[in-house]
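Reader: Please take a close look at a single part of this model, namely chain B, and describe how it is built and what it touches.

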Amino acid sequence: MLSRVPPPLRASTLLACSRNAVAAPGKRSIGARMASTSSSEATASFLTSRATLASATAFTVGTIAWYTHLYGTLPFVGEISANSPAEEGLHPPKYPWSHSGFFDTFDHASIRRGYQVYKEVCAACHSLDRIAWRNLVGVSHTATEVKALAEEHEYPDGPNDQGEMFQRPGKLSDYLPAPYPNEEAARASNGGALPPDLSLIIKARHGGCDYVFSLLTGYVDPPAGVEIREGLNYNPYFPGGAIAMARVLFDGLVEYDDGTPGTTSQYAKDVVTFLNWAAEPEHDERKKIGLQATILMSSLVLLSLYAKRFKWTPLKSRKIVYNPPKPKQH
Amino acid sequence: MSLASSFYNAFARRNSVFFATIMGSAFVFSIGFNGATNAFWDHWNKGKQWKDIRDKYIEKDE
């Protein structure tokens with residue numbers, strides 16, 4: 001409507017309108033205002049309603065969360081990184097681990113095979129010094145089996161009656177033996193690179209299981225133009241691409257007792273399951289208690305909400321009425 | 001007699017009975033609840049837990 005009014009008239013009309021509305025609200029102007037606002041009242045109440053606020057908030061939070069999940073960064077927030085994608089390492093794909101669901105325990109047969117792979121392959125360079133032999137009992141091996149495994153290794157003990165240290169076969173309470181006596185020895189045997197302890201490696205790396213699995217199975221020839229120093233190997237999943245560890249898992253390397261086919265990916269899957277157990281030995285129990293706690297807590301919340309409403313009903317629904325005393329008749 | 005008043009007369013009139021009722025029902029509930037959740041858990045993870053594969057290896061111990 002206003003756009004049709006010729007330009008010089010507009011300012012004065014607007015001024016007059018506002019002055020009329022603010023300074024001198026006569027009967028006519030009130031009536032006019034009510035007539036004009038009645039249609040926009042519904043819009044206003046829709047815009048200021050709680051449901052609109054809640055749904056707009058949910059939509060905003062949802063889209064930001066979705067974007068962050070999809071692209072890894074917050075939208076419209078700048079980020080500067082000194083790393084190129086190659087230097088950061090290829091992001092591993094998500095694998096359907098047998099223990100990744102809310103209710104899923106570890107596959108203990110897989111842990112058992114994974115221990116075999118660790119023992120025969122990884123243990124040559126990597127320690128696992130937070131795991132004791134006794135931790136394997138009732139998880140992947142029977143007590144008798146673990147005792148036999150522990151006795152294969154010798155541990156220093158003492159002092160004896162002559163005050164000398166001596167070697168004795170391992171017991172259930174001993175920790176898994178380390179391949180090197182100290183860090184310097186480990187570095188010296190591996191061209192200056194330290195093989196990390198694997199006790200918490202799944203927790204200690206971005207991507208966890210997926211990353212370690214991808215790393216173990218991801219060795220390829222370097223692409224054209226990528227120079228890899230002598231003694232290093234190319235692995236696109238490793239940050240920087242050059243890793244001191246060579247590919248160690250090959251088809252048929254380890255022979256499983258339970259008849260599982262021995263392939264590279266099977267070894268990697270089993271050893272990653274084993275290492276995830278080593279990093280989170282409480283995993284199975286934690287998930288089960290989590291399930292029970294969630295059921296109990298949520299039913300208690302519902303119960304307390306009901307009790308609150310039950311107790312507050314008379315207060316919320318009461319009506320206070322003021323009956324003025326009748327004026328005295330003179 | 002309504003359910004609420006019969007409940008009150010049976011369980012809540014004396015504190016000793018009330019306390020014993022709470023303790024007893026907590027005991028019974030925990031057995032039932034743990035039994036139900038454990039049954040679901042073992043059904044969901046059938047064949048994966050150590051107790052499912054234990055028999056294969058325990059025989060070697062004779």
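Author: The following account treats the build of chain B and then its contact with chain A. This is a predicted model, in which local features need pLDDT of at least 70 and side-chain atom pairs count only at pLDDT 80 or more, while totals for chains, interfaces and linings use all residues. Residues are numbered from 1 along each chain as its sequence is written, and chains are lettered from A and ligands numbered from 1 in the order in which they are written.

Chain B contains three helices and zero strands (DSSP runs, H or I of at least four residues for helices and E of at least two for strands, numbered from the N terminus). Along the sequence its pattern is α-α-α. The radius of gyration of chain B, taken over C-alpha atoms, is 21 Å, well over the 11 Å that the globule rule gives for 62 residues, so chain B is more spread out than a compact globule. That rule is 2.2 Å times the number of residues to the power 0.38. The C-alpha atoms of chain B fill a box of roughly 65 × 25 × 10 Å along the principal axes. Of its 62 residues, 5% count as buried, meaning that 20 or more other C-beta atoms, placed from the backbone, lie within 10 Å of the residue's own.

The contact with chain A involves eleven residues from chain B and 16 residues from chain A, two residues being in contact if their C-beta atoms, placed from the backbone, lie within 7 Å. On the side of chain A that touches chain B, α5 (108-120), α7 (143-151) and α12 (283-317) each supply at least two residues. Of these, α12(A) gives the most, with three residues.

Key. Buried ≥ 20, exposed ≤ 12 C-beta atoms within 10 Å, placed from the backbone.
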